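Work through the following exercises with the sequence and the coordinates open beside you, and try each task before reading its solution.

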Amino acid sequence: MRPEQSITTQILGLIQADDMKAGAHMRAQPLADRLRVSRSPVNDALSFLAEKGVLVRQPNRGYFLVEPLSESVEATARRLGLEDSDTVTEVYFRIADDRLSGELPGEFTEVMLKQRYGLTPAQLNAVLARIASEGWAEKKPGYGWEFSSMLTTADSLLQSYRLRLALEPAALLEPGYHLAPSVIARCRAAEQHLLDGGIETDTADQMHDRGVRFHESIVEGSGNAFFIDTIRRVNRVRRLLSYRSMKDRSRYKEHCHQHLQLLDLIERGHNDDASKAMHEHLSSTLRNLKKITGILKN
């Protein structure tokens, strides 16, 4: 039996997005944390990828990447027999758009989604699992589902940025702040990938996840569990409107340069300046988002 397909495809996406090299250690818990799922489906996915030769399992050590992905995630997924993942992703975005445009009610049933979007039972389960893991819908006690009331308007996204504006610059000023050189290098490589063409070619999933990983990494350097938990919760529920805002990618080149400047300041130990730069970075993003609220409402 194949593992839940969207998890497997998302792991392939992380391998590509992080530009993982041969021998990279694929640990279940960090992957589960990043994908906001339990370890069980991640372990199933890792086992499946090992069966297909993408990973190798070493006794008492875990799974390791055999070689970097030499083709797109979509092509790899098709080659591995994960073709349903394309349908799941497509329907996921259709549901998101329909919800944001008011075409879906606040409460819904599995039967309604299955019929409306022409899903198989497996596809329906995969879509609902992804939506639930991202926090914008949950199963009601007894029967049916309910969309979260959070982050379904343009104002909600702006509010989430104002919370981040208060939190992220403060995280950089925490006593003992430390960001490992390997994390800085990984973040730097991700930004360079975007500047080298990824802004135009990456999917909305990849674009969102890169931004999330950058900002969560910065906050994780604080070592403050309250900051870290808050930023993860905010990022989990803002994904829905974040996708919609990506219809305009003109600002992403500027974002990349701002991210690189932040990394340079942190690397040199200039945390006061990094905190000010983070405040300006998030403030400029907030100003830009206000200019495209029409996109978020349509």
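The exercises below concern a predicted model, and each task is followed by a worked solution.

**Exercise 1. Describe the protein chain as a whole, beginning with its helices and strands.**

Start with the secondary structure: the protein chain holds 14 helices and 6 strands. Next, consider burial, where a residue counts as buried under 20% relative accessible area; of the 298 residues, 50% meet that criterion. Turn then to the surface, whose accessible area comes to about 14300 Å², with 50% of it belonging to carbon and sulfur atoms. Finally, take the contacts between residues at least 6 apart in sequence: 73% of these join residues at least 24 apart.

**Exercise 2. Work out the strand order of the open sheet that 3 strands form, and find which strands lie at its edges.**

The order is β1-β3-β2, and the pairing is antiparallel. Because strands of a sheet pair through backbone hydrogen bonds, the next step is to ask on how many sides a strand has a partner. β1 (25-26) and β2 (55-58) each pair on one side only, which makes them the edge strands. Looking more closely at one pairing, 2 bridges join β1 to β3, a strand that covers residues 62-65. Within this antiparallel pair, Met26 stands opposite Tyr63 in β3.

**Exercise 3. Locate the largest pocket and characterise its lining.**

The volume of the largest pocket is about 610 Å³. Its lining consists of 25 residues, and those nearest the centre are Asp18, Pro30, Arg34, Arg186 and Arg213. To place the lining on the fold, note that β1, α2 (28-35), α9 and α10 each give two or more residues to it, with α10 giving the most, 6 residues. Sorting the lining by class yields 11 charged, 10 nonpolar and 4 polar residues.

**Exercise 4. Find how many cavities of 30 Å³ or more the whole structure has, and analyse the second largest cavity.**

The search finds 2 such cavities, and the second largest encloses about 60 Å³ of space. Its lining is made up of Asp18, Arg186, Cys187, Ala190, Glu191, Arg210, Arg213 and Phe214. Two or more of the lining residues come from each of α9 (181-201) and α10 (204-220), and α9 has the largest share, with 4 residues. By class, the lining comprises 5 charged and 3 nonpolar residues, with no polar ones.

As a last step, compare the two linings by name: Asp18, Arg186 and Arg213 are among the residues lining this cavity, and they are also among those nearest the centre of the largest pocket.

Key
Residues are numbered from 1 along each chain as its sequence is written. This is a predicted model: local features need pLDDT of at least 70, side-chain atom pairs count only at pLDDT 80 or more; totals for chains, interfaces and linings use all residues. Side-chain values use heavy atoms; hydrogens and water are left out. Two strands pair if DSSP finds at least two bridges between them. On a 1 Å grid over the protein atoms alone, a cavity is a set of points where a 1.4 Å probe fits but cannot get out, and a pocket is an open set with protein on both sides within 12 Å along at least five of seven lines; lining residues have an atom within 4 Å of a point. Grid points are joined across faces, edges and corners, and a volume is the space filled by probe spheres set on the points. Ala, Val, Leu, Ile, Met, Phe, Trp, Tyr, Cys and Pro count as nonpolar, Asp, Glu, Lys and Arg as charged, and the others, Gly among them, as polar. Buried means under 20% relative accessible area, exposed over 50%, partly exposed in between (1.4 Å probe, protein chains only). Contact means heavy atoms within 4.5 Å. Accessible areas come from the Shrake-Rupley method with a 1.4 Å probe; for residues, only the protein chains shown count as cover.
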